[in-house]
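Student: Could you pick one part of this model and take me through it slowly? I'd like to see how the pieces around it fit together, too.

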Amino acid sequence: MNKEGLLIVLSGFSGSGKGTVVKKLLEDGSYALSVSATTRLPRPGEVDGESYFFTDKQKFIEMIKNDEFLEYAEYVENYYGTPKKYVMDKLSEGINVILEIEVQGALKVKKAFPDTILIFIVPPGVKELEQRLVGRHTEEASTVRSRMEQARVETESMNKYDYIVINDDINRCVSDIKNITEAVSLETARNKDMIVLFKQQFEQYLKGETL
C-alpha cells in the first residue's frame with residue numbers, strides 16, 4: 001500500500017547546523033530536499049539550483065504574483081520561498097520532503113498543511129551558537145550580532161513546533177529526526193486506508209470469499 005510522503009520542516013537558529021543535518025538525512029533515499037529560492041547572495045561553495053535558486057527581488061516578486069510558492073518570507077533583508085510543484089510531486093511519490101526554512105515560513109506551511117511535521121534544531125547553548133557563527137569566517141561581526149538578535153526573536157516561536165532536537169552530535173541529531181518521522185508515519189490518523197482495508201478483508205473472509 002503506497003502512502004504519501006511526509007512534509008517535514010526543519011528550522012533553527014542560523015548556525016545551528018541545519019544544512020549539515022539535511023545532508024546526512026539525504027543519504028537515506030526516503031528523503032528529498034525542497035530547494036528554496038532566495039534573493040540573498042551565494043556563500044562560498046553554494047551552487048545555484050542545489051543550495052538555493054538564487055534570484056533577484058524583482059523576479060521573486062513575480063513568482064509570488066504567479067502563486068508559485070508554497071510559502072515565502074522576508075528574513076534579514078532578503079526573501080526566501082519554497083517552490084510549490086516540486087514538493088507536491090515528491091509527496092505523491094511517497095518521498096518525505098524536507099523544507100529547510102525559517103520560522104515565518106514554517107508557520108505558514110503548518111497553517112496551510114496541518115499534517116506538516118515542524119522540527120526546530122538547536123545548538124547546546126547560546127555560546128556555542130556564537131562560536132559557530134564566528135567560525136564560518138564568512139560574515140562581519142555586525143552580521144553575527146544581527147543573527148544572534150534574530151535567534152533571540154525566534155525563541156518566541158519555538159513552542160509552536162512539534163519537536164525540538166539538540167544538535168550537539170550530528171549522528172545522534174539525525175537519528176532523532178529519523179525516529180520522529182518513523183513514529184509519525186505510523187500514527188493512526190495517517191493509516192486510515194489500512195484500517196479500511198482490514199475491515200474489507202475481514203468482511204470478505206467472514207463471507208467465505210477468497211482474499
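Tutor: Sure, let's start with phenylalanine 198: its relative accessibility is 44%, so it counts as partly exposed. Keep in mind that this is a predicted model. Another ring to look at is phenylalanine 202, which counts as exposed because its relative accessibility is 51%, and the cut-off for that word is over 50%. Both sit in helix α8 (residues 192–206), and because they are four residues apart, about one helical turn separates them.

Now for ring pairs in general. The structure holds nine aromatic pairs. In one of them, phenylalanine 60 and tyrosine 79 have ring centres 5.3 Å apart and planes at 25 degrees, so they count as stacked. That pair links distant parts of the chain: phenylalanine 60 belongs to helix α2 (residues 57–65) and tyrosine 79 to strand β6, 19 residues apart. Phenylalanine 60 has 0% relative accessibility, so it's buried. Back to our starting ring: phenylalanine 198 and phenylalanine 202 have centres 6.5 Å apart and planes at 35 degrees, so this pair is tilted.

Some rings join up further, with Tyr52, Phe54, Tyr75 and Tyr80 linked into a cluster by ring pairs. There's also a charge over a ring: lysine 108 lies over the face of tyrosine 72, at 4.8 Å from the ring centre.

Where do these rings meet the strands? An open sheet of four strands runs in the order β4-β3-β6-β5, with mixed pairing. At its edges stand β4 (53–54) and β5 (69–75), each with a single partner strand, so one side of each has no neighbour in the sheet. Inside that order, β3 (residues 37–38) and β6 (residues 78–83) pair in the antiparallel sense over two bridges. Follow the pairing across and you'll find threonine 38 opposite tyrosine 80, a member of the ring cluster.

On the way from α2 to β5, the loop holds aspartate 67. Its phi is positive, about 55 degrees, although it isn't a glycine. Its relative accessibility is 52%, so it counts as exposed.

For a contrast, look at strand β8, where six of six residues are buried. Ile117, Ile119 and Ile121 cover one side, while Leu118, Phe120 and Val122 are on the other. β8 has strand partners as well: β1 pairs with β8 in the parallel sense over five bridges, with valine 9 opposite leucine 118. β8 also pairs in the parallel sense with β9 (residues 163–166), over four bridges, and there valine 122 stands opposite isoleucine 166.

That brings us to the nonpolar cores. In soluble globular proteins, nonpolar side chains tend to be buried together. Here the largest nonpolar core has 21 residues, and among those with the most contacts inside it are Val9, Leu99, Val109 and Phe120. Elements that each supply at least two of its residues include β1 (7–12), α4 (103–112) and β8 (117–122). Beyond its neighbours within four places in sequence, valine 9 is in contact with residues including Leu99, Val109, Leu118 and Ile119. A second, separate core has 17 residues, including Leu6, Leu25, Ile117 and Val184.

Conventions. Residues numbered from 1 in each chain as written. Predicted model: local features only at pLDDT ≥ 70, side-chain atom pairs only at ≥ 80, totals over all residues. Heavy atoms only, no water. Pairing = 2+ DSSP bridges. Phe/Tyr/Trp six-rings, centres within 6.5 Å; stacked < 30°, edge-to-face > 60°. Buried < 20%, exposed > 50% of the residue type's maximum accessible area, 1.4 Å probe, protein only. Lys NZ or Arg CZ within 6 Å of the ring centre and 35° of its normal. Core = buried A, V, L, I, M, F, W, Y, C linked by side-chain atoms within 4.5 Å. Contact = heavy atoms within 4.5 Å.
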